[in-house]
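Colleague: Could you walk me through this fold over coffee? I would like to ask about a few of its parts.

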Amino acid sequence: MAMLWEMARSHMLEAGLSVDTAISQADLWPFMGGPFSTNMHCPLGPSVYSPFTFRNGPKCPYAEAHNQALGKIAAQPAYKMYKMIIDREDTERKKR
Ligand SMILES: [Zn+2]
């Protein structure tokens, strides 16, 4: 999940997308060397991660604990730039 979120950051910045634009795994194939017949999914089951926004990150369809773990990762210092990117866009939006 963290890998997907990280690739989504690169894709969003490169393509000039909003933090609220839905990003699918197919959008991220160039970062993975795809296309793939099977997209990334949780080890707990076969459902692939649904499209997600950079603001919210990917969601696990099987375990809320996995989503909470991703939230904890996002609170770590290395991920502060995530909040900075979102805050910057929100600030720019308010000016318009
Ligand atoms: Zn999961």
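Modeller: Gladly; what follows is a set of questions and answers on this predicted model.

Colleague: Let's start with helix packing. How are H1 and H2 oriented to each other, roughly parallel or roughly perpendicular?

Modeller: The axes of H1, residues 2–15, and H2, residues 25–32, come within 9 Å. They cross at roughly 90°. An angle from 65 to 115 degrees falls in one class, so the two helices are roughly perpendicular.

Colleague: Which residues of H2 make the contact with H1?

Modeller: On the H1 side, the contact uses Leu4, Met7, Ala8, Ser10 and His11. By class, the contact of H1 with H2 has 5 nonpolar, 2 polar and 1 charged residues. The partners from H2 are Asp27, Leu28 and Phe31.

Colleague: Which helix gives the most to the largest nonpolar core?

Modeller: That core has 6 residues: Leu4, Trp5, Ala8, Met12, Ile23 and Phe54. Of these, 4 residues come from a single helix. The helix that gives the most is H1.

Colleague: Met12 caught my eye. Which residues is Met12 in contact with, leaving aside its neighbours within four places in sequence?

Modeller: Met12 belongs to the largest nonpolar core, as do Ile23 and Phe54. Both of those are also among its contacts. The full list is Leu17, Val19, Thr21, Ile23 and Phe54.

Colleague: Now to H4. How far apart are the end C-alpha atoms of H4?

Modeller: H4 covers residues 80–95, which is 16 residues. At 1.5 Å a residue, H4 should span 22 Å. The model agrees with that, as its end C-alpha atoms are 23 Å apart.

Colleague: And how many residues of H4 are buried?

Modeller: A residue needs 20 or more other C-beta atoms within 10 Å to count as buried. H4 lies largely in the open, because of its 16 residues the number buried is 0.

Colleague: Is Arg55 exposed or partly exposed?

Modeller: Arg55 is found in the loop between S2 and H3. Not counting residues up to four places away in sequence, Arg55 touches Val19, Asp20 and Ile86. Its count is 16 C-beta neighbours inside 10 Å, so Arg55 is partly exposed.

Colleague: How far apart in space are Arg55 and Tyr82?

Modeller: In sequence, Arg55 and Tyr82 are 27 residues apart. In space, C-alpha to C-alpha, the separation is 8.1 Å.

Colleague: What about Ser50: is Ser50 buried or exposed?

Modeller: Ser50 is found in the loop between H2 and S2. Ser50 and Lys80 are 30 residues apart in sequence and 24 Å apart in space, C-alpha to C-alpha. Ser50 has 11 C-beta neighbours inside 10 Å, so it counts as exposed.

Colleague: One last thing. Is the peptide bond from Gly34 to Pro35 cis or trans?

Modeller: Pro35 lies in the loop between H2 and strand S2. Most peptide bonds are trans. From Gly34 to Pro35, omega is near 15°, and the bond is cis.

Note on methods
Residues numbered from 1 in each chain as written. Predicted model: local features only at pLDDT ≥ 70, side-chain atom pairs only at ≥ 80, totals over all residues. Axes fitted to C-alpha atoms, helices over the stretch in contact; angles between N-to-C directions. Parallel < 35°, antiparallel > 145°, perpendicular 65-115°, else oblique. Contact = placed C-beta atoms within 7 Å. Nonpolar A, V, L, I, M, F, W, Y, C, P; charged D, E, K, R; others polar. Expected span 1.5 Å × (residues − 1). Buried ≥ 20, exposed ≤ 12 C-beta atoms within 10 Å, placed from the backbone. Core = buried A, V, L, I, M, F, W, Y, C linked by C-beta atoms within 7 Å.
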